[in-house]
Amino acid sequence: MIHPFQILKTEGELNDVVRTAFIDAYGKRGMEAFDAVKEKRVKKYRDYYVVVGNTGEYYVEGSFCSCEARLYGKECWHTLAVKIADETGMYESYNLWYYKNGVDEDEPEYE
Ligand SMILES: [Zn+2]
């Protein structure tokens, strides 16, 4: 089987061939991840990627995701969605800090 990310590179867009490849490789996770990217539910902030899921939004950093899947020892589809978004450049970009929630980094410290 060809790796779905290889197919993504070859196709150069999120079409049905790519979608099928991700579903073949990752099952439901692949489908959820693909659809989220396609529907532009991945956002890139200055510190994290944020994925808007069905039940809320989660921030992702590398293989870490803030959702509850890891509590159950499961891999979620959010990190996979970020990988796809990163590969295709299909994400909304925000020049904001997600975690700091709008706190200005240049703000002088209180003395
Ligand atoms: Zn997650």
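**Helix H3 and its surroundings**

In this predicted model, a good place to begin is helix H3, whose buried residues are Arg29, Gly30, Glu32, Ala33, Phe34, Ala36 and Val37. What lies over these residues? The cover for the buried part of H3 includes helix H2 (16–26), strand E1, strand E2 (49–52) and helix H4.

It helps to step back for a moment and look at the whole chain. The protein chain has four helices and five strands, and if you follow it along the sequence you meet them in the order α-α-α-β-β-β-β-α-β. The chain has 111 residues, and 26% of them count as buried. Among contacts in the chain with a separation of 6 or more, 50% join residues that are 24 or more positions apart.

Now let us return to H3 and look at one of its partners. H3 spans residues 28–38 and H4 spans residues 78–88; their axes come within 8 Å and cross at roughly 45°. An angle from 35 to 65 degrees counts as oblique, so H3 and H4 are oblique to each other. The crossing of H3 past H4 is right-handed. Which residues bring the two helices together? On the H3 side they are Arg29, Gly30, Ala33, Phe34, Ala36 and Val37, and on the H4 side Leu80, Ala81, Ile84, Ala85 and Thr88. Sorted by class, this contact has eight nonpolar, two polar and one charged residues. A general point is useful when you look at such lists: an α-helix has 3.6 residues a turn, so residues three or four places apart point the same way.

Just beyond H3, something else is worth a look. H3 is followed by Lys40, which sits in the loop between H3 and strand E1 (42–44). Lys40 is not a glycine, yet its phi is positive, at about 55°. Is Lys40 buried or exposed? It has 12 C-beta neighbours inside 10 Å, and therefore Lys40 counts as exposed.

Finally, turn to the start of the chain for another pair of helices. Helix H1 (residues 4–11) packs with H2 at an angle of about 175°, and their axes are 9 Å apart. Because of that angle, H1 is roughly antiparallel to H2. Pro4, Ile7, Leu8 and Glu11 in H1 meet Val17, Val18, Ala21, Phe22 and Ala25 in H2. By class, the contact of H1 with H2 includes eight nonpolar residues and one charged residue, with no polar ones. H2 also brings us back to the beginning, as one of the elements that cover the buried residues of H3.

Methods: Residues numbered from 1 in each chain as written. Predicted model: local features only at pLDDT ≥ 70, side-chain atom pairs only at ≥ 80, totals over all residues. Axes fitted to C-alpha atoms, helices over the stretch in contact; angles between N-to-C directions. Parallel < 35°, antiparallel > 145°, perpendicular 65-115°, else oblique. Left-handed = near helix turned anticlockwise from the far one by under 90°. Contact = placed C-beta atoms within 7 Å. Nonpolar A, V, L, I, M, F, W, Y, C, P; charged D, E, K, R; others polar. Buried ≥ 20, exposed ≤ 12 C-beta atoms within 10 Å, placed from the backbone.
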